Amino acid sequence: MCYMAADLGPERSEFGDCLDRLAPLMQDGICEIRGDRIEVRDPARPMVRLVAAAFDAYLGGGPGRHARAV
């Protein structure tokens, strides 16, 4: 996500739950999926952390585990 994009490649099918969590962000125009690539739109660059959080397996681990994005 350092370049505001991530290539899912042939493993895309393994990210089904993550892609479901991205749906609200895509509806808000924060990110979009083009083929096997997730891209954060330029106006939403400060919110890249929200996109990356969709792929964090430990994020739901409880309060105080991670800092929240604003």
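Trainee: Which residues is Glu 39 in contact with, leaving aside its neighbours within four places in sequence?

Mentor: In this predicted model, Glu 39 is in contact with Met 4, Ala 5, Ile 30, Cys 31, Glu 32 and Arg 34. Contact means heavy atoms within 4.5 Å, so each residue on that list has a heavy atom within that distance of Glu 39.

Trainee: Where is the place of Glu 39?

Mentor: Glu 39 sits in strand β3.

Trainee: What makes the pairing of Glu 39 and Arg 37 a salt bridge?

Mentor: Their side chains meet at 3.3 Å, N to O. The cut-off for a salt bridge is 4 Å, and 3.3 Å is within it, so the pair counts. The side chains of Glu 39 and Arg 37 also make a polar contact at 3.3 Å. That label asks for N or O atoms within 3.5 Å, so 3.3 Å passes there too.

Trainee: And what makes the meeting of Glu 39 and Arg 34 a salt bridge?

Mentor: Here the N to O distance is 3.7 Å. Set that against the 4 Å limit and it is within, so this one is a salt bridge as well.

Trainee: How do you know that Glu 32 forms a salt bridge with Arg 34?

Mentor: The closest N and O atoms of Glu 32 and Arg 34 are 2.7 Å apart. Again the limit is 4 Å, so the pair qualifies.

Trainee: How many salt bridges does a search of the whole structure find?

Mentor: Three. Glu 32, Arg 34, Arg 37 and Glu 39 are linked in a network of them.

Trainee: Why is Arg 34 called exposed, and why is Arg 37 called partly exposed?

Mentor: Exposed means over 50% relative accessible area. Arg 34 has 52%, so it counts as exposed. Arg 37 has 36%, which is between 20% and 50%, so it is partly exposed. Glu 32, at 24%, falls in that middle range too, so it is partly exposed.

Trainee: Back to Cys 31. What does it touch, not counting residues up to four places away in sequence?

Mentor: Cys 31 touches Leu 22, Leu 25, Met 26, Ile 38, Glu 39, Val 40, Arg 41 and Val 51. Cys 31 is also a member of the largest nonpolar core, which has 13 residues. Along with Leu 22, Leu 25, Ile 38, Val 40 and Val 51, it touches the most other members.

Trainee: Which elements give two or more residues to this core?

Mentor: They are α1 (16–27), β3 (37–40) and α2 (48–53). The most comes from α1, with three residues. In soluble globular proteins, nonpolar side chains tend to be buried together.

Trainee: How many disulfides does the count come to?

Mentor: Zero. A disulfide needs two cysteine sulfur atoms within 2.5 Å, so with a count of zero, no pair meets that limit.

Trainee: Why is Cys 2 called exposed, and what about Cys 18: buried or exposed?

Mentor: Cys 2 has a relative accessible area of 71%, which is over 50%, so it is exposed. Cys 18 has 11%, which is under 20%, so Cys 18 is buried.

Trainee: What does Cys 18 have to do with Ala 53?

Mentor: They are 35 residues apart in sequence, and their C-alpha atoms are 9.0 Å apart in space. Ala 53 is in helix α2. At 25% relative accessibility, Ala 53 is between 20% and 50%, so it is partly exposed.

Trainee: Met 4 was on the contact list of Glu 39. Why is Met 4 called buried?

Mentor: Its relative accessible area is 14%, under the 20% limit, so it counts as buried. Met 4 lies in the segment before β1. Although Met 4 is not a glycine, it has a positive phi of about 60°.

Trainee: How do the elements of the chain run from the N terminus on?

Mentor: The order is β-α-β-β-α, with two helices and three strands. Buried residues make up 24% of the 70 residues in the chain.

Conventions. Residues are numbered from 1 along each chain as its sequence is written. This is a predicted model: local features need pLDDT of at least 70, side-chain atom pairs count only at pLDDT 80 or more; totals for chains, interfaces and linings use all residues. Side-chain values use heavy atoms; hydrogens and water are left out. Buried means under 20% relative accessible area, exposed over 50%, partly exposed in between (1.4 Å probe, protein chains only). A nonpolar core is a set of buried Ala, Val, Leu, Ile, Met, Phe, Trp, Tyr and Cys residues joined through side-chain atoms within 4.5 Å. Helices (H or I, at least four residues) and strands (E, at least two) are DSSP runs, numbered from the N terminus. A polar contact is a pair of N or O atoms within 3.5 Å; within protein, one must be able to donate a hydrogen and the other to accept it, and residues adjacent in sequence count only if both atoms are side-chain atoms.
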